[in-house]
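Visitor: I would like a close look at a single part of this model, with the surroundings described carefully afterwards.

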Amino acid sequence: DETIANLSQYLDAGDVIVDGGNEWFHNTLRRAKELEPKGIHFVGMGISGGEEGARNGPSLMPGGPKAAYDLIEPIISKCAAQVNDGPCTGYLGPVGSGNYVKMIHNGVEYGDMQLIAEVYDVMKTVLQLSNDEMAKIFEEWNSTELESYLIEITSKILAKKDDVTDTGYVVDYVLDKTGMKGTGRWTIQEAAERSIAAPTMAASLDMRYISARKDERVKASAILKGPEMTSAEIPVHKDQLLDDLKSALYAAKVCSYAQGLGIIRAASDDMKWNVDLSECARLWKGGCIIRAALLQKIQDALARDKNLPNLILDPVVAGELNDRTAAWRRVVVTAVGYGVATPALAASLSYFDAYRRERLPANLTQSQRDFFGGHTYERTDREGVFHCLWDDSHKSIGDIKERTAGEV
């Protein structure tokens, strides 16, 4: 704010200020409002790409006045990463939308990284593969439907020999505490605010919190016991489990993207941004941390049906998930049996299973709400809102409509 105040003294009406940092979108909305009386345009532009993006072109996600975008477009289109259908930038919508899309990008990134970490943990703990073996597998996977920047660098990380001790591998010396800057937390806060389920990303955030409690985990490791299963009790076949892990990782990644795009859609509807989700997918295809071959399929699915309520309802995407569910389930069951935590893989599978069910046990939950709080319920056999006198302690609650006030 201080920088904007100092800079705006030297700007004229029609000039443009671009904020390229990771910023809470409400701050961007406030700053744009404060600059309006001076006629200065404010653009919040999310940027992803890291060091490589800085050198070869990042993904740029601008949101602001269309007139301001038109002024900066020739510059940012040349700066951005280039893919088969153009530069990885484009007009996302009014002010706030660019920061919002970047925030969700980071939430998806959290989920993707956690899913890969869980697959690595199963490979290492259950299959007891060496770093070189795992590096080769991830390298091979990077030429399949899992092709992505994060899979590519995972292979390189696992193969990197330690440059400090000249013994072993760098990754084995890295302390198992994951840092964060806050965008993942914002994503989950926004998911709750928009009433959108985002269990994959929430699981990834939870695991970062747990990883930070290293001292507690060291103490817990001496007190809390795992299943101590052996391969004789839960037999695993290396090639089969590796194929299953590949399928599970792909399916879970799709669910993570579906959740993130669902949050963007909800916010866009609430804020009247009119964000094109297929354009989000296009912008993420190059330059950014979550760039992946999968994004072309996502872009195509969202372009085929602009009103698609959930990515996993696209016939092509649904078919790919259905083909992988057996493998996905085997991975989660195996991990549970061996005591390997796979919260993101399991959360993604539960999300898939819950979403595909015509009927959930929510009828019992709503009955409990009506029992203890008189919160009423709807019926399957007739229209209207009802309340049940569940036992002799219950009395009439009067106007039922008043009981539904405050529902979100």
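Is Ser278 buried or exposed, and what is its relative accessible area?

Guide: Before turning to that residue, please keep in mind that this is a predicted model. Ser278 is buried, because its relative accessible area of 8% lies under the 20% cut-off for that class. Its place is in helix α13, which covers residues 277-283. If neighbours within four places in sequence are left aside, the residues in contact with Ser278 are Gln299, Leu302, Ala303 and Lys306. With Lys306 there is also a polar contact, which runs from the side chain of Ser278 to the side chain of Lys306 at 3.0 Å. A separation along the chain may be set beside one in space: Ser231 is 47 residues apart from Ser278, and the C-alpha atoms of the two are separated by 45 Å.

Another buried residue may be read in a similar way, namely Glu23, whose relative accessible area is 17%. Glu23 is placed in a loop, the one between strand β1 (16-19) and helix α2 (25-35). Not counting residues up to four places away in sequence, Glu23 touches Thr28, Arg31, Asn99 and Trp186, and the side chain of Glu23 makes a polar contact of 2.7 Å with the side chain of Arg31.

From single residues we can pass to a pair of helices. Helix α10 (residues 199-212) packs with helix α12 (residues 238-271) at an angle of about 105°, and their axes are 8 Å apart. An angle of this value makes α10 roughly perpendicular to α12. On the α10 side the meeting residues are Pro199, Thr200 and Met201, while α12 brings Ser256, Gln259, Gly260 and Ile263. Sorted by class, this contact of α10 with α12 has three nonpolar and four polar residues, and no charged ones.

For the wider setting, the secondary structure of the protein chain comes to 18 helices and seven strands, and buried residues, of which Ser278 is one, make up 46% of the 408 residues. Taken along the principal axes, the C-alpha atoms of the chain fill a box of roughly 75 × 75 × 45 Å. Among the contacts that link residues at least 6 apart in sequence, 68% join residues at least 24 apart. The accessible surface of the chain comes to about 21200 Å², and 53% of that surface belongs to carbon and sulfur atoms.

Key:
Residues are numbered from 1 along each chain as its sequence is written. This is a predicted model: local features need pLDDT of at least 70, side-chain atom pairs count only at pLDDT 80 or more; totals for chains, interfaces and linings use all residues. Side-chain values use heavy atoms; hydrogens and water are left out. Helices (H or I, at least four residues) and strands (E, at least two) are DSSP runs, numbered from the N terminus. Buried means under 20% relative accessible area, exposed over 50%, partly exposed in between (1.4 Å probe, protein chains only). Contact means heavy atoms within 4.5 Å. A polar contact is a pair of N or O atoms within 3.5 Å; within protein, one must be able to donate a hydrogen and the other to accept it, and residues adjacent in sequence count only if both atoms are side-chain atoms. Axes are lines fitted to C-alpha atoms, for helices over the stretch in contact, and angles run from 0 to 180 degrees between N-to-C directions. Angles under 35 degrees count as roughly parallel, over 145 as roughly antiparallel, 65 to 115 as roughly perpendicular and the rest as oblique. Ala, Val, Leu, Ile, Met, Phe, Trp, Tyr, Cys and Pro count as nonpolar, Asp, Glu, Lys and Arg as charged, and the others, Gly among them, as polar. Accessible areas come from the Shrake-Rupley method with a 1.4 Å probe; for residues, only the protein chains shown count as cover.
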